[in-house]
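I opened this model to look up how some of its helices pack and which charged side chains pair. My entries follow the structure.

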Amino acid sequence: MTFTTGFQLSFELAKAFPIRSVTESAASKLLKYARDLRMSGSDIVVEADLAEVFGRGKIVHEIEQKFREVVKVQSFIFFRDGCEISLDSGAGPTILHAFRNNQHFSTIIQLSFLGWTHDHSSLATAIDQAMVKRFEMGVAGASSSPGYEGILGSLTACSSQSNAFAWSHYIQLVDNKLRDSIPDYQYSQDLTKLSPAALTGAMDCLYLVQQLRESRKILISNAMGLITFVVWAHYILGLNVLITTKVSSTIAFGDEQNPHVLIVWSDLDGHPASLHYKSPTKEQQLQPSIQLLDED
């Protein structure tokens with residue numbers, strides 16, 4: 001009788017509190033997600049590490065909404081009847097997870113943009129070096145880098161699943177304004193390439209200024225990577241950017257009276273640009289410095 005009563009109690013508890021089944025279900029979902037990521041070339045740990053850095057940024061609502069609308073459709077190619085192969089062009093596992101997690105979504109949008117403006121290999125190297133440096137410097141909350149290969153895989157997966165988004169539109173907006181404001185302006189690829197040092201500084205300074213808009217500013221010393229800085233800071237993170245030039249005084253993106261990011265328009269040899277940007281020789285090249293300024 002005791003056995004029967006105990007068995008009945010266990011049976012009723014199992015029905016009321018299906019702990020094991022819930023745990024197994026959660027574990028199965030996590031395992032499937034991790035497996036799907038691996039199949040797409042990414043990795044669950046790498047994406048989590050990247051989200052700890054880039055996920056601190058709050059994305060402008062307009063960009064967030066447009067990004068969701070554009071990348072939510074997944075593409076398939078049918079080679080034969082009854083056989084479909086997913087190319088993960090659109091909402092693959094990386095994007096689908098980001099749709100449900102704000103920190104990951106912020107990360108994916110920023111990496112999608114940086115992956116559009118940079119070679120994936122050089123960008124992965126720069127992010128890897130930046131994460132190592134942040135960890136060695138003891139930056140609060142910094143973790144060691146997951147490694148170049150892992151970062152490259154996640155960047156590639158992110159870019160392939162978000163390549164339908166027209167980042168070229170925002171690049172063109174900045175380019176057009178520079179062209180209208182600076183006599184004899186000439187576009188150069190150097191205007192979209194961030195140096196490793198600039199990326200390392202931006203990975204913390206942009207988010208700090210976004211959180212403390214009234215008391216912090218960023219000063220960038222020359223024009224290298226200027227277009228990328230403007231799109232990242234203004235169109236993606238919603239910060240006001242002011243470019244100072246010798247020729248046309250200032251060029252503003254957002255509120256000119258309350259800038260959060262100040263960029264000095266100059267050649268990469270450090271001299272003010274009088275007419276147009278000149279690509280430097282390797283001997284002349286001077287990477288821009290990023291300074292975090294107090295509001296006083």
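For helix packing I took axes as lines fitted to C-alpha atoms, for helices over the stretch in contact, with angles running from 0 to 180 degrees between N-to-C directions. Helices are DSSP runs (H or I, at least four residues), numbered from the N terminus.

The model is predicted, and local features need pLDDT of at least 70, side-chain atom pairs count only at pLDDT 80 or more, while totals for chains, interfaces and linings use all residues. Residues are numbered from 1 along each chain as its sequence is written, and side-chain values use heavy atoms, with hydrogens and water left out.

I looked first at helix α3 (residues 44–54) and helix α7 (residues 120–136), whose axes come within 12 Å and cross at roughly 70°. That makes α3 roughly perpendicular to α7, a term for angles of 65 to 115 degrees. In this contact (heavy atoms within 4.5 Å), Asp 49, Leu 50, Val 53 and Phe 54 of α3 meet Ile 127, Met 131 and Arg 134 of α7.

I then followed Arg 134 and found that it forms a salt bridge with Asp 204, the closest N and O atoms being 2.8 Å apart. This pair links distant parts of the chain, with Arg 134 in helix α7 and Asp 204 in helix α10, 70 residues apart. I counted a salt bridge where a side-chain nitrogen of Lys or Arg lies within 4 Å of a carboxyl oxygen of Asp or Glu, and the count comes to 4 salt bridges. Arg 134 counts as buried at 4% relative accessibility, where buried means under 20% relative accessible area (1.4 Å probe, protein chains only).

Terms used:
Helices (H or I, at least four residues) and strands (E, at least two) are DSSP runs, numbered from the N terminus. Angles under 35 degrees count as roughly parallel, over 145 as roughly antiparallel, 65 to 115 as roughly perpendicular and the rest as oblique. Buried means under 20% relative accessible area, exposed over 50%, partly exposed in between (1.4 Å probe, protein chains only).
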